[in-house]
Amino acid sequence: MAAQTGTVRNWNLESVKPPLGVNPELPWRNPTVLAAGGGPGDDMVTDKCKVIVMRFGTDANAMGHYHVHHECDSLYYLLQGTMTSIIGGVRFTTRAGEAIFMPRDVPHATGNLGDEEVYLWEIYNPSTALPD
């Protein structure tokens, strides 16, 4: 059996920078899907997890909606900036180079209360789960 090889990519944040203002409810926040079941390209497709780059705009001073995922766990890895999270009623601060885990069935919200843009990888496992 031949060994499988993978591709290593160096992500340029500018090349995947989600535009802001697209979502009228949360104009300071927007994702770009990098990999998911049925995702943007054959070399990026997986049925095991969904990976997005999330951008929180400068001076957002806002939190997203408090919500819960019953069918998936979420892992956030901060690439730039500082993110505020509320997970199960407890407030957390996560900085660039750090990760935070949000287990299924636990209500949570994320946002940017700082003064710089936030970029993060948001990873859902499994990829097919949607928020309730």
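How many bridges join strand 5 to strand 8? I looked this up before anything else and noted four bridges between strand 5 (residues 82-87) and strand 8 (residues 108-112). The two strands run antiparallel. I record here that the model is a predicted one.

**Entry: a bridge in detail.** I then asked which residue of strand 8 is the bridge partner of Ile87. The partner is His108.

**Entry: the sheet.** I traced the sheet to which strands 5 and 8 belong. I found an open sheet of four strands, in the order 3-8-5-6, with antiparallel pairing. Its edges are strand 3 (62-63) and strand 6 (90-95); each has a single partner strand, so one side of each is left without a neighbour in the sheet.

**Entry: the whole protein.** I turned to the overall content of secondary structure. I counted nine strands and zero helices; from the N terminus on, the elements read β-β-β-β-β-β-β-β-β. The protein has 132 residues, of which 36% count as buried. I also looked up how far apart in sequence the contacting residues lie. Among contacts between residues at least 6 apart in sequence, 65% join residues at least 24 apart. For the accessible surface I noted about 7600 Å², with 53% of it belonging to carbon and sulfur atoms.

**Entry: Ser74.** Is Ser74 buried or exposed? I located Ser74 in strand 4 (residues 73-80). Its relative accessible area is 1%, and I therefore entered Ser74 as buried, the cut-off being under 20%. Leaving aside residues up to four places away in sequence, I listed the residues that Ser74 touches: His69, Ile100, Phe101, Met102, Ile123 and Tyr124.

**Entry: Gly89.** I next examined the loop between strand 5 and strand 6, where Gly89 is found. Gly89 is exposed, with a relative accessible area of 60%. I also checked its distance to Pro107. The two residues are 18 apart in sequence, and their C-alpha atoms are 7.7 Å apart in space.

**Entry: Asp105.** Where does Asp105 lie? I placed Asp105 in the loop between strand 7 (99-102) and strand 8. Its phi is near 70°, a positive value in a residue other than glycine. With a relative accessible area of 46%, Asp105 is partly exposed.

Key: Residues are numbered from 1 along each chain as its sequence is written. This is a predicted model: local features need pLDDT of at least 70, side-chain atom pairs count only at pLDDT 80 or more; totals for chains, interfaces and linings use all residues. Side-chain values use heavy atoms; hydrogens and water are left out. Two strands pair if DSSP finds at least two bridges between them. Buried means under 20% relative accessible area, exposed over 50%, partly exposed in between (1.4 Å probe, protein chains only). Contact means heavy atoms within 4.5 Å. Accessible areas come from the Shrake-Rupley method with a 1.4 Å probe; for residues, only the protein chains shown count as cover.
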